[in-house]
Structures are given as C-alpha cells and as structure tokens.
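This report considers how charged side chains are arranged in one protein chain. The sequence and the structure are shown first.

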Amino acid sequence: MRLARSTNVGPVTFRKLVERFGSARNAIDVLPDIIARTGGKRQIVLATREDTIAEIEQARAFDAKPVIVGDPEYPIMLAAIEDAPPYFYALGRVELLTRPTIGIVGARNASANGCGFARRLSAALCDAGYVVASGMARGIDGAVHDACLQVANTDGGTVAVLGGGVDVIYPREHADLYRKLCENGCVISEMPPGLNPQARHFPRRNRIISGLSHGVVVVEAGRNSGSLITARFAGEQGRDVFAVPGSPTDPRAAGPNSLIRDGAILCDSVDVILDALRVSEQNNHLREGIHHFAIDGRATTTTSSSDDFSDITKSIERDAQSVIIVDTPESIDNQEETGVPAPTRNGDRETDHILELLSSSPLLIDQLIRASGMPADVISTMLIELELAGRVERHPGNRVSRIAE
C-alpha cells in the first residue's frame, strides 16, 4: 500500500516494479537506487509509513475492506488489465467481486425511456446470475443500481465504482442508494478514504468499470460523454462493447449510434448480451497468466540485476499519460451533453427536468409523471405550455415525445 501511494507510482509502474523485484517490499528497498539512477521530471517519492497507517486507520473506522491484487477477492478480470489498481477499498458484499460482471453506463441527464430500458437490462442480467457494475452517477447509473437491488433471490447483484473515496457519497442525492448498496450490493474505490471526487478521477474510475466486466453496455450518451471513455477502455481491454441505438434526432443517442458504426454490438434486448457473453466466456483466455504478486514477502529475489531502469522510467510516463485527462467532458459539475442550458429559476428547472426525461421516442404520460415525481396536474400544465412552444409532441395512447431542436 505504501508503494502504491508513492508519488509517480501509478498502476503500471507498480506492476512493473513488483514484477521486476519480486515483491512490493523488495521494490521499496531498491527505490533509493532507482531514484538516484533515473532522470526525467517525474521522480518517485515514497509515501511515508505514517500516511499509510493513517489511511488504513481511516478505512478501518467505517469497516472498508482493502482488497489487494493477489487476494482471493480481487476480481480476475480486473487483474488482467495493464493498469489494474494495486488495491482498492470495498464496502458491502465483497463476494460479488468474484462473480461474472457486466458494466452498464450512460447519460446522467437520461430520458425516462433510457432509464427504463437500462432497468430492464439490469434486472434481466441479475436474474441470469450476472453482477452489474456502474458508477453511481445520476441518470442511467442510478437506474441500473436501483433495478439490481430490487431483484431478490439470484446470484446476481450490483457493484458501484466511485470516483472519490469509498466513504464519500457523490452525488449527494444518492445517499439512500449508497446506503442500500453498502447493505445489499458492493461499493468500491481505489482512491484514499475521504477524498472528494475531481474531474480527473472519473476516467480512472471508468477503466475499473470496464476492467471488472466481460462486456460494457452504453445506454444514451452524447458525443463527448464520459461513457464513451468507458467504452474505449473496454475495447482496449478486449471486452465486448454493446450500444443501445436511438433516434438520430436525440443528442443522447449520438454516442451509442457512433459506437455501432465503429463496430459495437447493437443491443436491443438482454438476449443480445447473453448470447455474446456465452461465446466470449467459452473463448476467454483472460484467466490465463494472471499476475499474482508477492505483496508482502521478502523471500522472492529480484528478477534482474541490471542497473538499467529505463523500463521503470517508461512506466512512469505511461502512468502520467493515463491520468492527463483533466479536461474530460465528465466533469465534476455534471453538466450533461443534452444541450439543455443550466436552469436559473424553479420554473426553468422543472421544465428542463421534464425535457431531460423525454426523448424522440414517445413516452406514456403516466410514466413521465412517475419518473418526474411531480403532481399530475403540474405535468399536464407544463406539457400544454411545451406543446404550444413547439418543444413536445403528443401521440395516440396518451403518449408524448420531445421535438428535436
């Protein structure tokens, strides 16, 4: 843990050091020599023993379990990726981490139809014995976790991967969902306890969601959505990428539609996912050659006596490149990519919320009322105003859709 928290020791460098020197302790012993012999702007600074102990005590205070690579609970699929986290903290049902997992991600400002479809997929996957991983964000992520938690008596479940510390609830309105996840699901994070999430943390979180999973499903995402980062990671990690198609007139369908054009599997039902996963699991060789590091022991000797540490320098640069995504669209202020301007008045906020729930696919007004949580008479008045403004369209069967702008 001390080596993993050292400055400029990212996941790739950690793996390189342990592979070369046999254990984390051996690597720490050799660090002074490495620091003296390697040049470059990024020098390794070993984390102090006091800071490491303080982090462990902070995690212990709320019963967070550290899961270290090589532990039985460490997910095999995650261990197979190049930049697997050396360890992470977990709350809740840690046993879920060893079960077959599917990632489902999507827009924060998701439509009611999109959330409904994500719920159906998640529940069906849980019924089939899969664990569903997501990021506990607003919109699709929250719908995914909530649907899984409502499925009882199955081998499935749900895992939430957080961008901040495992004890930090973000967004705040998901406090109740977080509590339920800690009781009946699993919450994990590679970040230190107490750390508030920042924009640059979310891409790192996304590669864990895809790394846990046999495949990743994208349900609604704009062209610049962080969900597409997760899909890219999944492709780079050799995992299946599924995309739910949508109307060309809905900005939230731009991401999935572009993924399909680029070769992602078109997903219109859970059967598409299950069929692809059966084939993938039959041909899956990811379980072969997984590294099992000697984290604590000193018995293992170094694998190389060479004084050439150029490979370590390269790994430090590789880690630095993987976190330079500060300008990612998935920023901490959660401005979504649907084109809806930030509201300034209560009336604007309610109208924007209704428009976010609607898409170009007709939605039952009763479903809109349930999804919005607003009184039926308020929804009725707002729909009349939006219809007169040319922003929504009514359809037979008491349905309504959003008109593309």
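In this predicted model, R207 and D83 form a salt bridge in which the closest N and O atoms are 3.7 Å apart. R207 belongs to helix α8 (residues 201-212), while D83 sits in the loop between α4 (76-79) and β2 (87-92), so the pair ties together parts that are 124 residues apart in sequence. Both partners fall in the buried class: R207 has a relative accessibility of 3%, and D83 has a relative accessible area of 12%. The pair also belongs to a network of salt bridges that links D83, E190, R204 and R207.

The count of salt bridges in the model comes to 16. Side chains of opposite charge can pair when their charged atoms come close. Three of the salt bridges are set out below.

| Salt bridge | N to O distance | Relative accessibility of each partner |
|---|---|---|
| R207 and D83 | 3.7 Å | R207 3%, D83 12% |
| E73 and K65 | 3.8 Å | E73 25%, K65 32% |
| K180 and D176 | 3.3 Å | K180 31%, D176 39% |

The salt bridge between K180 and D176 lies within one helix. Its partners are four residues apart in helix α7 (residues 175-184), which means that about one helical turn separates them. K180 is partly exposed, at 31% relative accessibility, and D176 is likewise partly exposed, at 39%.

The side chains of E73 and K65 are joined by a salt bridge of 3.8 Å, N to O. Here E73 is partly exposed, with a relative accessible area of 25%, and K65 is also partly exposed, with 32%.

A further acidic residue deserves separate treatment. E220 is located in the loop between β7 (215-219) and α9 (226-236). What is the nearest side chain of opposite charge to the buried residue E220, and how far away is it? That side chain is R252, at 4.4 Å, and E220 has no salt bridge. The absence follows from the cut-off, because a salt bridge requires a side-chain nitrogen of Lys or Arg within 4 Å of a carboxyl oxygen of Asp or Glu.

The side chain of E220 does, however, make a polar contact of 2.5 Å with the side chain of S111. Leaving aside residues up to four places away in sequence, E220 touches G106, A107, A110, S111, G114, R252 and P256. S111 and R252 are thus both among the residues that E220 touches, although R252 does not form a salt bridge with E220.

Conventions
Residues numbered from 1 in each chain as written. Predicted model: local features only at pLDDT ≥ 70, side-chain atom pairs only at ≥ 80, totals over all residues. Heavy atoms only, no water. Helix = DSSP H or I, 4+ residues; strand = E, 2+ residues; numbered from the N terminus. Buried < 20%, exposed > 50% of the residue type's maximum accessible area, 1.4 Å probe, protein only. Lys, Arg positive; Asp, Glu negative; His and termini not counted. Polar contact = N/O pair within 3.5 Å; in protein donor to acceptor, adjacent residues only side chain to side chain. Contact = heavy atoms within 4.5 Å.
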